[in-house]
Amino acid sequence: MTLINSHTHMQRFEVDFPRELGEFYVNMFKGQDCWHTGKPWTPEDFCVPGERLIADMDAAGIDKAFVLGVGYLPWGAYDPENGAYVQSMVQRWPDRLFGFYTANPIGGNDEVKRFERAIAAAPTQWHMFQPAWDGTGSEAPTGAGPDAT
């Protein structure tokens with residue numbers, strides 16, 4: 001049987017994953033230890049490099065994973081070049097990773113051009129256009145965002 005992780009966020013600390021978002025999650029998991037360090041969570045723990053992902057997949061017996069960026073625009077957690085970062089991992093481990101393209105749904109023509117470049121560079125590696133949460137539509141989760149209490 002092939003095991004596939006169908007939703008794996010890959011982000012870089014303080015590039016497309018701000019410290020404030022990490023602190024939000026640290027507070028959410030207060031009193032629990034980080035599963036990969038065995039110590040209390042830190043904001044940095046929510047960002048793992050591709051090598052760590054592959055090692056963790058091997059340890060857990062996971063054959064493949066869909067990887068995507070993070071896009072929480074109200075938190076400032078979006079890098080327009082995140083698609084290139086995810087794509088670089090898919091190109092490095094093509095037998096293990098599939099890419100979702102995380103896009104800014106209100107990014108206009110610049111975002112369309114980035115998406116088109118990603119498709120042209122690797123037409124068989126991108127399987128889904130994943131809109132980022134922009135905080136303006138019904139996709140915004142209740143109580144989420146920098147002003148949530």
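Visitor: Which residues of helix H1 (residues 19-28) are buried?

Guide: This is a predicted model, and side-chain atom pairs count only at pLDDT 80 or more. Buried means under 20% relative accessible area. In H1, the residues that meet this are Leu21, Gly22, Tyr25 and Val26.

Visitor: How wide an arc do they cover around the axis of H1?

Guide: Leu21, Gly22, Tyr25 and Val26 are the buried residues of H1. They sit on the same side of H1, because the arc they cover is only 145°.

Visitor: What pattern does the protein chain follow along the sequence?

Guide: The chain holds four helices and four strands. Of its 149 residues, 40% are buried. Read along the sequence, the pattern is β-α-α-β-α-β-α-β.

Visitor: How much of the exposed area of the protein chain do carbon and sulfur atoms supply?

Guide: The protein chain exposes about 8300 Å². Of this area, the share from carbon and sulfur atoms is 54%.

Visitor: What share of the contacts with a separation of 6 or more joins residues 24 or more positions apart?

Guide: Contact here means heavy atoms within 4.5 Å. Among contacts in the protein chain with a separation of 6 or more, pairs 24 or more positions apart account for 72%.

Visitor: Where on helix H2 do its buried residues lie, on the same side or on opposite sides?

Guide: The buried residues of H2 (residues 50-60) are Gly50, Leu53, Ile54 and Met57. Their arc around the axis is only 95°, so they lie on the same side of H2.

Visitor: Which elements do the buried residues of H2 pack against?

Guide: Leu53 and Met57 are among those buried residues. Met57 touches Lys64, Ala65 and Leu97, among others, not counting residues up to four places away in sequence. The buried residues of H2 pack against strand E1 (4-9), strand E2 (64-68), helix H3 (82-92) and strand E3 (97-103).

Visitor: Which residue follows H2 with a positive phi?

Guide: The phi in question is near 75°. The residue is Gly61.

Visitor: Which element gives the most to the largest nonpolar core?

Guide: That core has 13 residues, and Leu53, Met57, Val67 and Met89 are among those with the most contacts inside it. The elements giving two or more residues are H2, E2 and H3. With four residues, the one that gives the most is H3.

Visitor: How many residues does the second, separate core have?

Guide: Nonpolar side chains tend to be buried together in soluble globular proteins. The second core includes Phe17, Tyr25, Val26 and Ala77. Tyr25 and Val26 are also among the buried residues of H1. The size of this second core is 10 residues.

Visitor: How many bridges join E2 to E3?

Guide: E2 runs parallel to E1, with four bridges between them. Ile4 stands opposite Lys64 of E2. E2 also runs parallel to E3; Ala65 has Leu97 as its bridge partner there, and Val67 stands opposite Gly99. The number of bridges joining E2 to E3 is three.

Visitor: What is the handedness of the β-α-β unit made by E2, H3 and E3?

Guide: Its two strands are mostly covered: E2 has four of its five residues buried, and E3 has six of its seven buried. The strands run parallel. The unit is right-handed.

Visitor: Why does Trp41 count as buried?

Guide: Trp41 is placed in the loop between H1 and H2. Not counting residues up to four places away in sequence, it touches Val26, Phe29, Gln32, Asp33, Cys34, Trp35 and Phe46. The cut-off for buried is under 20%. Trp41 counts as buried because its relative accessibility is 14%.

Visitor: How far apart are the C-alpha atoms of Trp41 and Gly31?

Guide: Along the chain, Trp41 and Gly31 are 10 residues apart. Between their C-alpha atoms the separation is 8.7 Å.

Visitor: Is Glu111 buried or exposed?

Guide: Glu111 lies in helix H4 (residues 108-121). Leaving aside neighbours within four places in sequence, its contacts are Tyr78, Tyr101, Thr102, Ala103 and Asn104. Its relative accessible area is 2%, so Glu111 is buried.

Visitor: What is the phi of Glu14?

Guide: Glu14 lies in the loop between E1 and H1. Its phi is positive although it is not a glycine, at about 60°.

Conventions. Residues numbered from 1 in each chain as written. Predicted model: local features only at pLDDT ≥ 70, side-chain atom pairs only at ≥ 80, totals over all residues. Heavy atoms only, no water. Buried < 20%, exposed > 50% of the residue type's maximum accessible area, 1.4 Å probe, protein only. Arc of directions from axis to C-beta. Core = buried A, V, L, I, M, F, W, Y, C linked by side-chain atoms within 4.5 Å. Pairing = 2+ DSSP bridges. Right-handed = clockwise from strand over helix to strand, strands pointing away. Areas by Shrake-Rupley, 256 points an atom, 1.4 Å probe, with all protein chains shown as cover.
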